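I opened my notebook to go through this one piece by piece. Here is what I looked up, in the order I looked.

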Amino acid sequence: MHKNWIAGEWVGASNVQQNINPSDLNDVVGEYVRASADEVEAAVSAAYQAWPNWSLSTPQQRFDALDFVGTELLARKAELGELLAREEGKTLPEAIAEVARAGQIFKFFAGEALRITGDAIASVRPGIQVEVTREPLGVVGIITPWNFPIAIPAWKIAPALAYGNCVVFKPADLVPGSAWALAEIISRSGLPGGVFNLVMGRGSVVGAAFIDDPRVTAITFTGSVGTGHGILQQAAQKQKKVQLELGGKNPLVILDDADLETALDCAIQGAFYSTGQRCTASSRIIVEKGIYDQFTDTLAKRTAALRVGHALDANTQIGPVADASQLQQDLDYVKIGQDEGAQLLCGGQTLEGKTPGYYFSPAVLAHATNNMRVSREEIFGPVATVIKADDYDHALALANDTEFGLSSGICTQSLKRATHFKRAIQAGMTMVNVPTAGVDYHVPFGGRKGSSYGPREQGRYAQEFFTIVKTAYTKA
Ligand SMILES: NC(=O)C1=CN([C@@H]2O[C@H](COP(=O)(O)OP(=O)(O)OC[C@H]3O[C@@H](n4cnc5c(N)ncnc54)[C@H](OP(=O)(O)O)[C@@H]3O)[C@@H](O)[C@H]2O)C=CC1
Ligand SMILES: O=C(O)CCC(=O)C(=O)O
């Protein structure tokens, strides 16, 4: 049985939940203890008490702990990748790559702990020196979703610790296994007790309890728009710092002059890999009218040929959907799209696997318009709409006509159009001849409009959220 890590000890025995493999519903990945409200309280207390000392820890101490975690994640990526694939349904190569990404993130932020800098600025008054420094926030509450069970925790926990904060971490209830494995490595990394705490369980119990606690200074959350907005309201009343990464309805624009193979690769990778369960997925494919029919026909043929199956099967390209409710959501949206007048060219159905699981064939909804619900709401599955554009200007206008603004992309051979698109698209990230999903680990990640709130995650920009600035004036 896998317990919670609170104040430097493994605790909890009651309220055990089973972690079920979405590729094989008979496979129990493990048993994990859900934290009680008292245990959440204990985790917050431990973090709050550990913080004064940890905030004064040396960059070397922080480097050593984070580097230890990164090294072990990289060394165990095959084993932990298998665990991740079993609990979330990502294919084994995708899962191993995600564990490696988590390891690289810990290594990156180990280095960042050594690179914390400030400014020395001449005062406008004589004899005074001004220093601007970055200080840790205190206790940071971390709430993560199920679709990246180890990379998203890594890119929140590693910077929080690197910049001297203490952590209370609540992973998604659906995928506690990778989070527990990460916490187990962190528990051996040399951090003093209470600096890092794991509290598994339902968001409505565990997450809600620490958001209200005045000792938690900041909350970083990735997940759905509705939950994110609720957390923001709750936390803002207590004047907490909040960072939200929410949904996307990411456009991939394909112009007549695009290299067709590149465009197809970008569309299939971006829309369907990782079973489309990425906030960066290319869920709206906007195609210029000159190549619309050829592109759409080829896309449908290639999508229909994708091999859906057990995440651990070497032959599988698309793993199962994460759970029954997500599967139902995908099926519902395919029906909604058809009812709205989009044409289902392939997929959109449940499939029988060799084992009982949540198998769903990737769906292409062609002749869609941008005002259909399937083009406006996040489906979070392997379902893409294909929308026809009259020309580049029309495609750009369609791409920007959304409440979201996370990722975006264009496939074109025109440097002029690519340059214009990069400037004019209203999104936090944009890609030229590269899929909208699958980002680097050392550069900023985040969106505009309804997709994000607060400073960027990842790369050195992460310090904007995880530190607070102090200005000191000294007269010698
Ligand atoms: N932008 C993104 O990366 C993601 C977007 N989504 C979108 O969200 C939809 C639903 O997915 P779902 O997993 O339910 O997303 P949620 O937003 O409900 O869950 C994200 C995290 O928030 C926690 N949580 C839920 N309610 C609360 C609360 N009241 N207080 C504090 N924490 C809370 C969850 O816990 P628990 O696990 O117990 O629910 C989970 O850890 C998807 O279909 C997709 O559209 C989902 C995942 C990632
Ligand atoms: O596309 C990626 O690499 C990251 C996607 C992501 O963070 C998400 O879906 O939550």
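**Ground rules.** I began with helices, whose expected span is 1.5 Å times one less than the number of residues. Helices (H or I, at least four residues) and strands (E, at least two) are DSSP runs, numbered from the N terminus. I noted that this is a predicted model, where local features need pLDDT of at least 70, side-chain atom pairs count only at pLDDT 80 or more, and totals for chains, interfaces and linings use all residues. Residues are numbered from 1 along each chain as its sequence is written, while chains are lettered from A and ligands numbered from 1 in the order in which they are written.

**Helix α5.** I checked its length first. At 1.5 Å a residue, the twelve residues of α5 (151-162) should span 16 Å, and the end C-alpha atoms are indeed 16 Å apart. Next I asked: is α5 enclosed or not? Twelve of its twelve residues are buried, so α5 is largely enclosed by the rest of the structure. Here "buried" means that 20 or more other C-beta atoms lie within 10 Å of a residue's own (exposed: 12 or fewer; partly exposed: in between), with C-beta atoms placed from the backbone. W155 and K156 are among the buried residues of α5. After the helix comes G164, with a positive phi near 90°.

**Domains.** The chain is divided into domain 1 (4-246) and domain 2 (251-432), with bounds that come from an automatic or database domain assignment. Their C-alpha centres lie 31 Å apart. I found 18 residues of domain 1 in contact with 19 residues of domain 2; contact means C-beta atoms, placed from the backbone, within 7 Å. On the domain 1 side of that meeting, β4 (24-33), α3 (77-88) and α4 (92-114) each supply at least two residues. The largest share there, four residues, is from α3. By class, that side of domain 1 has six nonpolar, five polar and seven charged residues. For these classes, Ala, Val, Leu, Ile, Met, Phe, Trp, Tyr, Cys and Pro count as nonpolar, Asp, Glu, Lys and Arg as charged, and the others, Gly among them, as polar.

**Ligand 1.** How many residues surround ligand 1? I got 29, the closest being P145, G203, G207, G223 and S224; the cut-off is a C-beta atom, placed from the backbone, within 6 Å. Helix α7 gives the largest share of this shell, five residues. Both domain 1 and domain 2 supply at least three residues each. The class count is eleven nonpolar, 13 polar and five charged.

**Ligand 2.** Around ligand 2 I listed N147, F148, T222, R278, C279, T280, A437, G438 and V439. They sort into four nonpolar, four polar and one charged. Domain 1 and domain 2 both give residues to this shell, so ligand 2 lies between them.

**E245.** I then turned to UniProt, where an unreviewed entry lists E245 under "active site". UniProt positions are in the numbering used here, feature names are shortened, and annotations may be inferred rather than shown by experiment. E245 sits in strand β11 (241-245). Is E245 buried or exposed? E245 is buried, because 27 other C-beta atoms lie within 10 Å. Leaving aside neighbours within four places in sequence, E245 is in contact with T222, C279, G446, S452 and E457. T222 and C279 also appear around ligand 2.

Conventions:
Two residues are in contact if their C-beta atoms, placed from the backbone, lie within 7 Å.
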